[in-house]
Amino acid sequence: MAAENNDVMEKVVSLCKRRGFVFPGSEIYGGFVGSFDYGPYGVELANNIKAAWWRAMVQLEPNIVGLDSAIVTHPKVWEASGHVGGFSDPLVECKECNTRSRADHLLEEVGVFADEKMSIEEINQIFDANRDKIKCPKCSKQNFGTVSTFNLLVKTNLGNFKNDWSSDPAYLRGETCQGIYINFKNVLDTTRVKVPFGIAQIGKAFRNEIAPRQYIFRKREFEQMEMQMFVAPETEMELYEIWKQKRLQYYIDLGFKPENLRFHEHENLVFYAKAAFDIEYNFPFGFKELEGVHARGDYDLSQHQKFSGVSMEYTDPYTNDKYIPHVVETSVGLDRTFLAVMSEFYHEDNLGGETRVVLRLPKQLAPIKVAVFPLLKNKPELVAKAEEIFRMLSKEIRAEYDDNSNVGKRYRRQDEIGTPYCVTIDFDTLGENPGLLDTVTVRHRDSGKQERVAISELVSKLK
Ligand code: GAP
């Protein structure tokens, strides 16, 4: 049975630290707000999440290709995209303790809807009407200044050697998709794609979030997995509906419970968007955006055409129609997926009269697929055989050798990191019971059941 929702977050955070999934960023210096590091098991899980996304979006989709564009681009990219002028969140400062908060989040906490797409005048009006309800999250006082806009783009002096570079900066990308738009022509001219086709990319993005919060849900340095599908204008809404459903199904196919996922339609659209839905996941702190699916019209390519002077027009090879393709976008954060995965598959159950924590990860996501144990670490003949089996398995699947403490404790540890199988080499493996020579015990994570398997069949069985 899954643990109660209200304490799952605390338990997930504790497990992530205890077992080396996620560490607070720059921890030995007291931490660095909005920054986290993935530890040895975290990086394996993150890589498996990225591989699952890449498989679904690139490998299994005949008309989607991959890309890995630069993080820092020509600064004009961000002028064209509208980020320099308008990529901002509403900021409000507590006059008592100087804590800066997002005004829309403070309003949300008292049940009033506002979002970053509203004009600053609109948000100030709503904020003023609710000042008597809103408290500073740090000092609980109710003495706020006026709401102002704060641009989220992170400036950098990469390639700029002037002392006063900040007036002429480059930017760390605020979203990965701009790298896709500026390579639209390159991909079109060098591959065999025809509209409709997509370009997918996984990579880091940076935002000066005013109030990073909810652990790795909202970070300042994070990773996105984005796909931009370039489509004929008249097919945009049809493909948008298809991608909405495909992306929801993706999570269900991964093993998420359908009741933990839902669509949320944006109430406020940016001026160029035709439609925008979030796929929300039921995080331990409630349903929140996991992924966005957007119909963006021809805004992105038109803007880059205008600012770069390079035509983004597409000529249909069958009809000779010329148009600037419209874009259907799917965009999800790796870190949010990571948190959703940890929350979804965290379980506590009772096995053999003992309560245990078990991460019931789908096999494809598990950081370690099989753990190999010698029954005793002080018996050289057991150790030699276990090492031999570990070497054999690790050539085929991600395996871990573990000889710390007793087998029961090793099982608990592997359950906590979500390892689907544990293989134990014992005296029967060496022929103490001749009928069991060259067999091992395979223990299954979810049921705790054990079976005897011939070493010669191990690889095929575990794969
Ligand atoms: N290209 C569209 C775009 O970037 P977005 O809604 O701003 O849209 C898309 O972001 C996804 O990126 C979100 O659904 C979320 O999963 C992830 N994301 C956005 N900001 C994030 C942050 N500060 N920390 C972690 N993930 C974030």
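Select Lys385, Ile389, Met392 and Leu393 in helix α12, then add Ile455, Leu458, Val459 and Leu462 in helix α14: these two sets of residues meet. Of the residues in this contact, 7 are nonpolar, none is polar and 1 is charged. The model is predicted.

Now show the two helices in full, residues 380–394 for α12 and residues 455–462 for α14. Their axes come within 11 Å and cross at roughly 40°. The crossing is right-handed.

**A second pair of helices**

Two packed helices are described by the angle between their axes and the distance between the axes. Select α2, residues 40–59, and α9, residues 236–254. The axes of α2 and α9 come within 12 Å and cross at roughly 135°. Angles over 145 degrees count as roughly antiparallel and those from 65 to 115 as roughly perpendicular; α2 and α9 are therefore oblique to each other. The crossing of α2 with α9 is right-handed.

Which residues of α2 meet α9? Turn on the side chains of Ile49, Ala52, Trp53, Ala56 and Met57 in α2. Opposite them, in α9, show Trp243, Arg247, Tyr250 and Leu254. This contact has 8 nonpolar residues, no polar ones and 1 charged.

**The ligand**

Next, select the ligand and the residues around it. How many residues surround the ligand? There are 20, and the closest are Glu175, Glu226, Glu289, Leu290 and Glu329.

Three side chains can be picked out one at a time:

- Arginine 207: an N or O atom of this side chain is 2.8 Å from an oxygen atom of the ligand.
- Glutamine 224: a polar side-chain atom lies 3.0 Å from an oxygen atom of the ligand.
- Glutamate 329: a polar side-chain atom lies 2.8 Å from a nitrogen atom of the ligand.

Glutamate 329 is thus worth selecting twice, as one of the closest residues to the ligand and for this atom pair.

**Two places in the backbone**

Move to the loop between α8 (184–190) and β9 (197–206), where proline 196 is found. Is the peptide bond from valine 195 to proline 196 cis or trans? The bond is cis, with omega near 5°.

Last, go to the loop between β1 (22–24) and β2 (36–38) and select serine 26. Serine 26 is not a glycine, yet its phi is positive, about 50°.

Methods
Residues are numbered from 1 along each chain as its sequence is written. This is a predicted model: local features need pLDDT of at least 70, side-chain atom pairs count only at pLDDT 80 or more; totals for chains, interfaces and linings use all residues. Side-chain values use heavy atoms; hydrogens and water are left out. Axes are lines fitted to C-alpha atoms, for helices over the stretch in contact, and angles run from 0 to 180 degrees between N-to-C directions. Helices (H or I, at least four residues) and strands (E, at least two) are DSSP runs, numbered from the N terminus. Angles under 35 degrees count as roughly parallel, over 145 as roughly antiparallel, 65 to 115 as roughly perpendicular and the rest as oblique. A crossing is left-handed if the near helix is turned anticlockwise from the far one by less than a right angle, and right-handed if clockwise. Contact means heavy atoms within 4.5 Å. Ala, Val, Leu, Ile, Met, Phe, Trp, Tyr, Cys and Pro count as nonpolar, Asp, Glu, Lys and Arg as charged, and the others, Gly among them, as polar. A residue is near a molecule or strand if one of its heavy atoms lies within 4 Å of it. A polar contact is a pair of N or O atoms within 3.5 Å; within protein, one must be able to donate a hydrogen and the other to accept it, and residues adjacent in sequence count only if both atoms are side-chain atoms.
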